[in-house]
Amino acid sequence: MMRYVREAWLVIALCLLFGAALAGVQAALQPKVEANKLADTLGQIPALVPGAVSGVAETIGGLRTFRALDAERREVGRVLVASGQGFADRIELLVGVDAAGERITGLYIVDQKETPGLGDFITKEKWRAQFAGKPARVPLRVTKSGATRPEQVDGVTGATISSEAVVSIVNTALAQWRKEAPGL
């Protein structure tokens, strides 16, 4: 055993050095990354909730949300921040919901590392647009044969796991929001 340690001392030392360097860079850049995500989220609110021009962060239970406000500062909807496991890594997304909590108004993928050319199709506007108008009180389902019911979402061909992951994240976020804000 000691023979291996003696022979591998340089590899071990380099691993510790680069590990510490990566941890330092992560710690130094984390506030900037979070600030960029917040700016991206605030910039997406008008696209996710019709009539919204700005957003105010709020945490309901353990769920981070943004109240979507119109020009007169009236609430016209909500944007839920959600994440979950995709095919390759975590998927972070935003779900827009109308003020009554009845309809999804939009979907935006903040971060994902799905398979390029397949799973990353979940970021395309054409696929995300099908979520607008879907019911927010009924769990959504992925279908491969073409959505015919309001709660159905067309899956991405060749990336069913990514499609199902997004739908699962949306369903979980909406269920948690209804649980934490029962008046909706």
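Which elements each supply at least two residues of the lining of the largest pocket? In this predicted model, the answer is helix α2 and strand β4. An account of these two elements and their surroundings leads back to the pocket itself.

Helix α2 covers residues 9-48 and is not straight: at L29 the helix bends by about 45°. A proline, P31, follows this bend within four residues. The buried residues of α2 are T41, Q44, I45 and L48. Their cover includes the strands β1 (54-60), β2 (63-69) and β3 (75-85), together with β4 and β5.

Strand β4 spans residues 90-98 and pairs with β5 in the antiparallel sense, over 6 bridges. Within this pairing, L94 stands opposite Y108 of β5. The two strands form a hairpin in which 5 residues lie between them. One residue of the turn, G101, has a positive phi of about 75°. Strand β5 itself runs through residues 104-111, and 6 of its 8 residues are buried, so the strand is largely enclosed by the rest of the structure.

The pocket can now be described. Rolling a probe the size of a water molecule over the atoms shows where empty space is left. The largest pocket holds about 190 Å³ of space. Helix α2 gives the most to its lining, with 4 residues. The lining comprises E34, K37, L38, T41, R64, V81, E92, L93, L94 and V110. Two residues met earlier recur here: T41, one of the buried residues of α2, and L94, which stands opposite Y108. By class, the lining has 5 nonpolar, 4 charged and 1 polar residues.

Terms used. Residues are numbered from 1 along each chain as its sequence is written. This is a predicted model: local features need pLDDT of at least 70, side-chain atom pairs count only at pLDDT 80 or more; totals for chains, interfaces and linings use all residues. Side-chain values use heavy atoms; hydrogens and water are left out. Buried means under 20% relative accessible area, exposed over 50%, partly exposed in between (1.4 Å probe, protein chains only). Two strands pair if DSSP finds at least two bridges between them. The bend at a residue is the angle between axes fitted to the seven residues ending there and the seven starting there. Contact means heavy atoms within 4.5 Å. On a 1 Å grid over the protein atoms alone, a cavity is a set of points where a 1.4 Å probe fits but cannot get out, and a pocket is an open set with protein on both sides within 12 Å along at least five of seven lines; lining residues have an atom within 4 Å of a point. Grid points are joined across faces, edges and corners, and a volume is the space filled by probe spheres set on the points. Ala, Val, Leu, Ile, Met, Phe, Trp, Tyr, Cys and Pro count as nonpolar, Asp, Glu, Lys and Arg as charged, and the others, Gly among them, as polar.
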